[in-house]
Amino acid sequence: MSAGADPIVRLAGVAKRFGARTILDGLDLAVPRGTNYVIMGPSGTGKSVTLKIMSGLLAPDAGSVEIDGVRIEGGSRRALRQARERLGFVFQGAALINWMSARDNVALPLRERGVPEGEIRATVDRRLAEVGLADIGDKFPSELSGGMRKRVGFARAVVLEPSLVLYDEPTTGLDPVTTRIVDELVIGARDRHGATGVVVSHDVGSALRVADRIGVLDGGRIAIELTPDEFLRSTHPVVRSFLADQPAPRETRPPERSAP
Amino acid sequence: MSARRPSPLTSVADGLEHAGRTFLLLVLALAHAALPRRPLRALGRLVEQLHVQLVKSLLVVSVVGAFMGMILALQSGEALRRYGAEGQLPSIVAASMAREMGPFVTAIILAATVGAAIAAELGTMRVSEEIDALELMNIDPVPFLVTPRIVALGIAAVLLTVLVDVVGVVGGALVAHAHFGISVPEFLTASRDALSEPRMLGVLSKDLYSGLVKALVFGLMVGGLACSAGLRAEGGALGVGRAVRSSVVASVVLTLVVGYVITWVFWVVLA
Ligand SMILES: Nc1ncnc2c1ncn2[C@@H]1O[C@H](COP(=O)(O)OP(=O)(O)OP(=O)(O)O)[C@@H](O)[C@H]1O
Ligand SMILES: [Mg+2]
């Protein structure tokens, strides 16, 4: 694996079964600090399960999970708390607390840490403005569109400036314009805040824009790991099947970016 | 999710496991209530929940309570008249309301209104990953969601039981006046006297104690069952529906069973 010397996420030999079905089977994965790693793979291959294992929402049946130097797979609550302090999670369905306004949702992590109200207000306003939603703070999740909810979910995930952000299909189901906006947020989290990102995505265009590296999940492990350029040229069957859905993959290529 | 019917043994095991988890959740929630990390914030959440719960149940509890007292008066009055013992009517209505019907009616209504709403609310939060989101923010769902709901239900159950007792006795008084020629003030005075009789611990009568203890236990139990069912929901909207049903069914059944046990303790063990 060509991961840098200091991966912030390191999964080794991770296995997960549900009943008789093996979902993950010896998954190895290392994500270098300050990069965006995109996990692609057919539906139902265990991408969400992988993110849940990284965040300790699911315990692996075997293998080790290390987040920023903390081993979390053993189920120690202290280790989990410590790892989660530095972790943001953008849920597929946003998972905003439905009886709280957008503003209160973004404020929640700050409030629970006892940050003074004045400071909370300023931070939340800034975060909402960052995702282009400065004026919807008082609306409730049910009054927002799916794309708006995702952006509020993003604002909440990064409000404590985590060093690692996990994104579960951040652009699935969004229109092309909103997809671009969310992609820019994912890129901005890395470039402006120095956060590492692990992005689960179905969307080739979006993946090529945000990724430093792309890992293809197949058969319970990362079958192949590629840069966006290599991805476009790959002959791997799963990669080809993703590219086959793309009308003109060359046009969606991102501007060249030097890998760290 | 498999459509296979679970064997009866599995269902029993599941039921016991659910009961155990619910009990643990209840203990954990009450421990957080006793030693809140942020007392002011915890109090705010509690008051908010109490307000919501009372608003949801006040009207229906009053109506049902009044009719309960009226039915009791009519039924018992007819029976007593045969022996010329209508004079006993106030104390029978008052004691029945205070000991059994008040807490029972309150618990059943709370299970169907507030308990169902809590199971649906927490179930929705579970299946839409909101509970996961809280955990990832290092926010423990127990003090954040469960404790205020359970404690509020305990308090609400006691307050509403007192209300049901009062409207029940008043309802009984109206029926007694209309059918059995007992004046309303006479009925109320006789009820009050009946409810102040064998004192326990010097403050309240045994009738009231047993009823209020029941109310408190029922309230906490309904809250625990609702929260536990909601938090364990899985499988989308259908799963939320299942959580609501299981919470209401378990609450109603356990209200009767636990009610029997408490009655037995007060009137047989402590006789
Ligand atoms: N809690 C669970 N219990 C049982 N099975 C589960 C659970 N979570 C996931 N699975 C199963 O594991 C498999 C992988 O699920 P996962 O959600 O990770 O897929 P995915 O790769 O994210 O797919 P998609 O692209 O559709 O979101 C699925 O077949 C799913 O049914
Ligand atoms: Mg998924």
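## Close-up views of a predicted two-chain model

**View 1. Strand 1 and strand 4 of chain A sit side by side in an open sheet.** Strand 1 (residues 7–18) and strand 4 (residues 62–67) of chain A run antiparallel and are joined by 5 bridges. To find your bearings in this predicted model, start at Val9(A), whose bridge partner in strand 4 of chain A is Ile67(A). Step back a little and the pair turns out to belong to an open sheet of 4 strands in chain A, ordered 2-1-4-5, with antiparallel pairing. At the edges of this sheet are strand 2 (21–32) and strand 5 (70–71) of chain A, each of which pairs on one side only.

**View 2. Chain A as a whole gives the setting for the closer views.** Chain A holds 9 helices and 10 strands. Its radius of gyration is 18 Å, close to the 18 Å that the globule rule gives for 260 residues, so chain A is as compact as a globular protein of that length. The C-alpha trace of chain A spans about 55 × 45 × 35 Å along its principal axes. Of the 260 residues in chain A, 46% are buried. Among the contacts in chain A with a separation of 6 or more, 66% are between residues 24 or more positions apart.

**View 3. Ten named residues of chain A surround ligand 1.** Here you can pick out Phe18(A), Ile23(A), Gly41(A), Ser43(A), Gly44(A), Thr45(A), Gly46(A), Lys47(A), Ser48(A) and Val49(A) around ligand 1. Helix 1 (residues 47–54) of chain A gives the largest share of this shell, with 3 residues. By class, the shell around ligand 1 has 3 nonpolar, 6 polar and 1 charged residues.

**View 4. Strand 9 and strand 10 of chain A form a hairpin.** Strand 9 (residues 213–218) and strand 10 (residues 221–226) of chain A run antiparallel, with 5 bridges joining them. A good landmark is Leu217(A), whose bridge partner in strand 10 of chain A is Ile222(A). There are 2 residues between the strands of this hairpin, and Gly219(A) takes a positive phi near 65°.

**View 5. Helix 5 of chain A is largely enclosed by the rest of the structure.** The 13 residues of helix 5 (residues 146–158) of chain A should span 18 Å at 1.5 Å a residue, and the end C-alpha atoms are 19 Å apart, which agrees. Of these 13 residues, 11 are buried, so helix 5 of chain A is largely enclosed. Among the buried residues are Met148(A), Val152(A), Phe154(A) and Val158(A), as well as the charged-looking names you may not expect to find on this list, Arg149(A), Lys150(A), Arg151(A) and Arg156(A). The cover over the buried residues of helix 5 includes strand 6, helix 3, helix 4 (117–130), strand 7 (164–168) and helix 6 (176–191) of chain A.

**View 6. Two loop residues have a positive phi without being glycine.** Most residues other than glycine have a negative phi. Ala94(A), however, has a positive phi of about 75°. Ala94(A) is found in the loop between strand 6 (87–90) and helix 3 (102–112) of chain A, and is buried, with 26 other C-beta atoms within 10 Å. In chain B, Glu129(B) has a positive phi of about 70°. Glu129(B) lies in the loop between helix 3 (89–127) and helix 4 of chain B, and counts as buried with 22 C-beta neighbours inside 10 Å.

**View 7. Chain B meets chain A.** At this interface, 11 residues of chain B are in contact with 15 residues of chain A. Helix 4 (residues 130–136) of chain B supplies 5 residues, the largest share of the side of chain B that touches chain A. That side of chain B has 4 nonpolar, 3 polar and 4 charged residues.

**View 8. Val93(B) is a buried residue of helix 3 of chain B.** Around Val93(B) there are 31 other C-beta atoms within 10 Å, and since 20 or more make a residue buried, Val93(B) counts as buried. Leaving aside residues up to four places away in sequence, Val93(B) touches Gly69(B), Leu72(B), Ala73(B), Ser76(B), Val169(B), Gly172(B) and Ser191(B). One of these, Leu72(B), is 21 residues from Val93(B) in sequence, and the two are 6.2 Å apart in space, C-alpha to C-alpha.

Terms used
Residues numbered from 1 in each chain as written. Chains lettered and ligands numbered in written order. Predicted model: local features only at pLDDT ≥ 70, side-chain atom pairs only at ≥ 80, totals over all residues. Pairing = 2+ DSSP bridges. Rg over C-alpha atoms; globule rule 2.2 N^0.38 Å. Buried ≥ 20, exposed ≤ 12 C-beta atoms within 10 Å, placed from the backbone. Contact = placed C-beta atoms within 7 Å. Nonpolar A, V, L, I, M, F, W, Y, C, P; charged D, E, K, R; others polar. Near = placed C-beta within 6 Å. Expected span 1.5 Å × (residues − 1).
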